[in-house]
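Visitor: I have a structure open beside its sequence, and I would like to learn how to read it one feature at a time. Could you guide me through it slowly?

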Amino acid sequence: MSNIFKNAVTSVKDGFKGFGDRQSKKFHDFVNRGPKENLKNLGEFALNNIVPIIFIVFCAFAIPISGQPFSSVVRDVVTRLMRNSFLVLSLLIPIMAGMGLNFGMTLGAMAGQIGLILVSDWQVVGIPGLMLAAIISIPISIVLGWFCGTMLNKAKGREMVTSYMISFFMNGVYQLVVLYMMGSIIPIASNSLLLPRGYGIRNTVNFAGTKGSLGMRKSLDNFWSFNIGTIQIPILTILIIALLCIFILWFKKTKLGQDMRAVGQDMEVAREAGIKVERTRVLAIIISTVLAGFGMIIYLSNMGTLNTYNSHSQIGMFSIAALLVGGASVSKANIRNAFLGIILFHTMFIVSPYAGKNLIGEAQLGEYFRVFVSYGVITLSLVLYEVKARRAKGHQAKELKEAQEKMLKNKETAEVIA
Amino acid sequence: MTNELELQQTPQKKGSAFLERIKSGVKAFGLPRLIITGFLVLLFLIAPAAHVNIGTAITDVINRFGMNAIMVLAMVPMIHSGCGLNFGLPLGIIAGLLGATLSIQTNIPGGASFWLAILYATPFSVIFGWAYGKLLNKVKGSEMMIATYVGFSAVSFMCMMWLLLPFKNPTMIWGYGGSGLRTTISTQGYYYHYLNDFLALDFSKWVSPASVGDGAFIGAMKNFFSHLVIPTGMILFFAVFAFIIWAFLKTKMGTAMTAVGSNSQFAMASGINIDRTRTISVIMSTWLGAVGILVYEQSFGFIQLYNAPFYMAMPAVSAILIGGASVNKATITNVIIGTILYQGIVTMTPSVMNGLVHTDMSEVIRIIISNGMIIYALTRKTEASR
C-alpha cells in the first residue's frame, strides 16, 4: 500500500506530504518533551513569529472597534486575496536564491502596466486582452529582470537596497516612456488614453471599457464564478493562483530550483559544486519579474483602473509588507506565509480607517496608521532577521571554538596517556 | 644612434603618458561624474539660447546649494564610521520639524525663532540619533536598507503625531473643520529668510538691467549682475558647519571614526569602542539633518509636514555621491562639489528645457540621474568588498 502511494506521489504531493510529516513530527516532539521545555519552546515560537502574532492581536481588536460587519470584512479580504496573491507569490523565488526581498518586482509591474496600456489602446477586450497584455509584458519583464539581476550580481551582500534603488531608477525610465514617448514615438491612437497635450498617458486609465465593449475590468473574475452570500468566489482566478503555487512547488524540485537553493545557502560552495552562480541569480530575478508582470495584470484587471504613475511603486511596498506579515523573512518564505500575510495585512488595511474614525473621529489617522504599519512591519522584520542572523553566526563561531578546544583536550589526554 | 632613438621615442612616450594621466584622471573622477559635469556645463552654455538669464540661474543654484548643503553634510559622519549612506535622514528631518513647530508654538518672532528651533531640535535629534545608532549597531552590514525603512516608519509615525499633538498657535493648525497641524506652515514672521538676508549681496540694488545705449559686453554684464543675489548668511552658515566637521574629523574622535569605517578590525585592536563611535556618528548625522532642514525652511519659506520628508534623503544621498564620495569614503569637498552639481542640474534643467522645447522633463531627468548615481555607487566592485 505504502509502495503504491509512494509511486503515486508527484513532486508536488511530496511537498504537501513533507509538510504533514513535519507537523506530525512537531506533535510527537511536543508530547515527548516535558511541560517546562514546551513553555520555553513556546517562547521561542512566539519570538520567531512575532510579526504575525502582533497582527493577529491587532486584527482581533481592530475589527470590533471598526464597527464593520464581519461579513463585509471577509468579502473585502477575499477580494484582496484574489487580487494580490499572484503578486506576493512572485517574490518567493529570489528569496529562495538568497537574494532577499525583490524590491525590483515593481519592474515587472511596470511591464504589466505597459502591456495593459497598449492593449486597451488596441481595444482588445476581455480575457484575450489580458492574455495579450501578459504576452507583451514578457519580453519587457525579461529585459528589465536581466538588467536588475546583472546589477544585483555586482552588489552582492546588499541586494535589497540596490534592488530598491533600481526600482526608483526604473520608475524614472518608465515615466520617460509612458509620459513622453507614448503618443509621440510609440503610437497611441485612443484620445481617451492620452493627455490633452497630445502625448503621454493620463494619470488614470480606466479598463471598464467604453460603451458597447465590455472592457477588461473583472473579466477574469467574472468568467467563471459563484457566490457564497455576498462573497464572490472567482474560480478562474483561484485556478491561476493554484497553478502558480504548483509551479513554485514543482520548481523547487527542478535542477534550476535546487541550484537556486544551493546558491542561496552558500554562493562559494555552490560555485565549487559547478553551479553558475551569476546566471542562476539573474534567472531567479527574471522569473520573479515576469511573474510580477502577470500578477500586476491580474491585480489591475480586478481593480479596473490604473494609476499610471503610482500603482507600481505602491504595489511593491504592499506586497513585500504582506509577505513579511505572514511570517516570512529575508531568507525564508513559503506559500503559506504569502496567503496568511495577505489575509492579515489586508484585514488591517481595511479596518484601520474605520477604527481610526471610531476612536478619535478622524479617518485620516487610520490611513496614516496603515501606512505606518506597512513600513513598520518591513523595518521590524528586517531588523529581527539581521539580529537573528548575527546571533546564529555568533553561536556557530562559539560551537566551532568549543569543538576545537575539545579536540585539543582530547589530544592532550591522548598524549598524557601515551 | 641612441640619441636618435630617444628622440623618436620621447614624444610618443610623453603622449602615451599624457593619455594615461587623462585616463587615470577620468577614472579617479569617475565617468558618471564627468558626464554629469559635462551635462551641467552644456546646460549653462545653451541657457542663453533658451532665454534663461545666467544671473538668475547662478542665483538659483547658489540659493539651492545653501538650502541643501547641510543635509548633504549630514551624510559625512555616518559614511566615515562605516554606517553607509544615511538613508535614514528623514529621522533627523523630523527632529528639525519638531524643533521648528515647537519654536513657532513658543511664538517668538524674527530670527531668534531660528536659534530656538535649533535648540529645541537638539534633544530630539540626540535621542532619535542615539536610538537609531543603537539599532544600526545591531544590524551591521545591512544598515542602508534598514535605515531607509527606519526613516519611512518614522515619517509615517509622525504623520499620525502631527494630527494628534496639541499644538495651539493659530498659524499652524487648520482654521476650521479639521484638527492637527497644516501640511505646510509659513515661516513668514518667524525665521523666513533669516540667514538668506544676513549680509546678502543683492546686486540688483546697484546695477540696473541693460539699456539701449550699452554695448554688447556691458549689456551682458549688466543683465547678469542685475539678477544676481548672493545669500551670504546662508553660505557662511554652511561654511561654519563644514569647517566644524572638517576640524572634527581631524580630532582624536574623528580619526577614530574614520578608523572604524575603513578598518574595523584594526580599530578594535587599537582599543576603539566601535559601537560607541558609530552611535556618536549617527547622532551627529541626525543633528545635522535637523539643522539642515531648518536652513532649508528659512529659505524656502515653508515648514512641510506629513509626507514631505519621505524622499528627502535621496537628493542628499545622490548629491554626495555625485560629488565623488563612495559608500565608505566622503570628504567636505565631495559635499560642496556634489551639492553644486546636483542642485545645478535640478535648477537648470527645468528652465532650459522649458525655454527650448516647452516641455518639462526635468523631473524624469532628476529621477534618472539621482537614482542612477546611487546604483552606480552601490554596484562598484571595489567597494563591494568592504
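Guide: Let us begin with the layout of chain B, keeping in mind throughout that this is a predicted model. The centres of domain 1 and domain 2 of chain B, taken over C-alpha atoms, are separated by 39 Å. Domain 1 of chain B covers 57–196 + 231–309, while domain 2 covers 202–229.

Visitor: How far apart in space are B:Ser211 and B:Arg278, C-alpha to C-alpha?

Guide: Those two residues lie 59 Å apart in space, although 67 residues separate them in sequence. B:Ser211 sits in the loop between strand E2 (201–202) and helix H8 (216–225) of chain B.

Visitor: Is B:Ser211 buried or exposed?

Guide: A residue counts as exposed if 12 or fewer other C-beta atoms lie within 10 Å of its own, and as buried if there are 20 or more. B:Ser211 has 9 such atoms within 10 Å, and therefore it is exposed.

Visitor: What should I look for in the phi angles of residues that are not glycine?

Guide: Most residues other than glycine have a negative phi, and a positive value is worth a second look. B:Asn107 has a phi near 65°, and it is found in the loop between helix H5 (89–106) and helix H6 (112–138) of chain B. B:Tyr306 also has a positive phi, near 55°, and its place is in the loop between strand E4 (302–304) and helix H13 (313–322) of chain B.

Visitor: Which of these residues is buried, and which is exposed?

Guide: B:Tyr306 counts as buried because it has 21 C-beta neighbours inside 10 Å, whereas B:Asn107 is exposed, with 12 other C-beta atoms within 10 Å.

Visitor: Turning to chain A, how many helices and strands are there?

Guide: Chain A has 17 helices and four strands, and buried residues make up 44% of its 418 residues.

Visitor: How do I read a single helix?

Guide: An α-helix has 3.6 residues a turn, so residues three or four places apart point the same way. In helix H4 (residues 50–66) of chain A, the buried residues are A:Val51, A:Phe55, A:Ala62 and A:Ser66, and what covers them includes helix H15 (311–325), helix H16 (335–360) and H17 of chain A. Just after H4(A), A:Gly67 takes a positive phi of about 75°.

Visitor: Where is the kink in H5(A) centred?

Guide: The kink, of about 40°, is centred on A:Arg83, which is itself among the buried residues of H5(A). Helix H5 (residues 70–89) of chain A nevertheless reaches 27 Å from its first C-alpha to its last, close to the 28 Å expected for its 20 residues.

Visitor: How do E2(A) and E3(A) fit together?

Guide: They form a hairpin with two residues between them, and A:Gly229 in the turn has a positive phi of about 60°. The strands, E2 (residues 225–228) and E3 (residues 231–234) of chain A, run antiparallel and are joined by four bridges, with A:Ser225 paired to A:Pro234.

Visitor: How many residues of chain A are in contact with chain B?

Guide: There are 36 residues of chain A in contact with 30 residues of chain B. H9(A) gives the most to the side of chain A that touches chain B, with 15 residues. By class, that side has 23 nonpolar, eight polar and five charged residues.

Terms used: Residues are numbered from 1 along each chain as its sequence is written. Chains are lettered from A and ligands numbered from 1 in the order in which they are written. This is a predicted model: local features need pLDDT of at least 70, side-chain atom pairs count only at pLDDT 80 or more; totals for chains, interfaces and linings use all residues. The expected span of a helix is 1.5 Å times one less than its number of residues. The bend at a residue is the angle between axes fitted to the seven residues ending there and the seven starting there. Domain bounds come from an automatic or database domain assignment. Two strands pair if DSSP finds at least two bridges between them. Two residues are in contact if their C-beta atoms, placed from the backbone, lie within 7 Å. Ala, Val, Leu, Ile, Met, Phe, Trp, Tyr, Cys and Pro count as nonpolar, Asp, Glu, Lys and Arg as charged, and the others, Gly among them, as polar.
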